[in-house]
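Here are some exercises on reading the sheets of a protein model. Have a look at the sequence and the structure, then try each task before you read its solution.

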Amino acid sequence: MEKWEELQVIYTRRTDVNSVTNWNAPLVWEGTFDPVVIDDIYKKTDPRVAVVVFAVGKYTRFLKGFLESGEMHFLVDFRVTYYIFTDSKKDVPNVSLGKGRKVTVMDVPSANRWQDVVLGRMKWATIAIDRRIRAEADYLFMMDIDSVFHNRFGAESLSQLSAVLHRGYYKNTKRDRFPYERRPESKAYIPMGEGDFYYTGAVWGGYLEDMFKLVKYCNDAAEEDAKNKIEAVWQEESHLNKYLLLNKPTKVLSPEFLWSDYDTVPADIKVVRISQLIKDYAEVRPNGGH
């Protein structure tokens, strides 16, 4: 289904934005798809979708807003399981869920640095997918919990491997200005002159097995870096961008699929589907945001 020739019956082009990548994958914006048609196509296979989120330490405060808004906007009428990885089960709220939707809570240890929480996501997600989730899902999304859905986030997001353009670098940023890891000592290293886009590490998804390969790659690369006493500049996001340079996404999602409440919404963003919340990083992060 991810071949562009087949997707042309679903996707249309917008004249004000690029709606196809140079490797012929659709670049999805509002106005480039028919929501009814695309939902109907994917519903025929009745896919099971896993959403993996981490709510460690004070980040449990964001669970209620994420889950309640997800029930209003995220793949409505599809089968969805929210896998909540947390160090505080008692703080997981009881939220009303739609038919075929559920919450599964997974234990993870606390952390002393927010960087360790970020890098730990790859480790614990790799283990959980291998031991449990792969038997329970067809697609998997990794998402940041400090976000709220505002509008439809539907089947237009599904593909073998879907990545979201980072809102800060999707236009007017030269490739050599992307914040890739530039130190050759790191497994996330991308040399000057290489790269397609800069993708956010806060939302990404795909087929279960393709996501397992990606998550495991990021975990293995981060562990190799740790052995060499180096940490990629943007942790998992740096390793994600390296992987996606080598393994092109089959669908690229516009920044509609992860905006930020810190930023003004520009004219080319017709709808904000999910947005990161404004927060005091020094207060919510275990090492004061540094």
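**Exercise 1.** In this predicted model, find the open sheet of three strands and work out which strands lie at its edges.

*Solution.* Start with the strand order, which is β6-β11-β10, with mixed pairing. Next, look for strands that pair on one side only: these are β6 (147-149) and β10 (259-260), the edge strands.

**Exercise 2.** In which sense do β10 and β11 pair, and which residue is the bridge partner of Trp259?

*Solution.* Recall that strands of a sheet pair through backbone hydrogen bonds, either parallel or antiparallel. Here, β10 and strand β11 (residues 274-276) are joined by two bridges in the parallel sense. Now go to Trp259: its bridge partner in β11 is Ser275.

**Exercise 3.** Which strands of this sheet does α3 touch?

*Solution.* Helix α3 packs on the sheet and touches β6 and β11. Comparing directions, α3 makes an angle of about 25° with β6.

**Exercise 4.** Now turn to the sheet of eight strands: what is its order, and which strands are at the edges?

*Solution.* The order of this open sheet is β1-β9-β7-β8-β5-β2-β3-β4, and its pairing is mixed. Its edge strands, each paired on one side only, are β1 (27-28) and β4 (101-107). Follow β1 to strand β9 (residues 251-253): the two pair in the parallel sense over two bridges. Within β9, Leu253 is the bridge partner of Val28. Finally, add a helix: α3 (residues 63-73) packs on this sheet too, touching β2 (48-55), β3 (79-86), β4 and β5 (139-143). The direction of α3 makes about 175° with that of β3.

Methods: Residues are numbered from 1 along each chain as its sequence is written. This is a predicted model: local features need pLDDT of at least 70, side-chain atom pairs count only at pLDDT 80 or more; totals for chains, interfaces and linings use all residues. Side-chain values use heavy atoms; hydrogens and water are left out. Two strands pair if DSSP finds at least two bridges between them. Helices (H or I, at least four residues) and strands (E, at least two) are DSSP runs, numbered from the N terminus. Contact means heavy atoms within 4.5 Å. Axes are lines fitted to C-alpha atoms, for helices over the stretch in contact, and angles run from 0 to 180 degrees between N-to-C directions.
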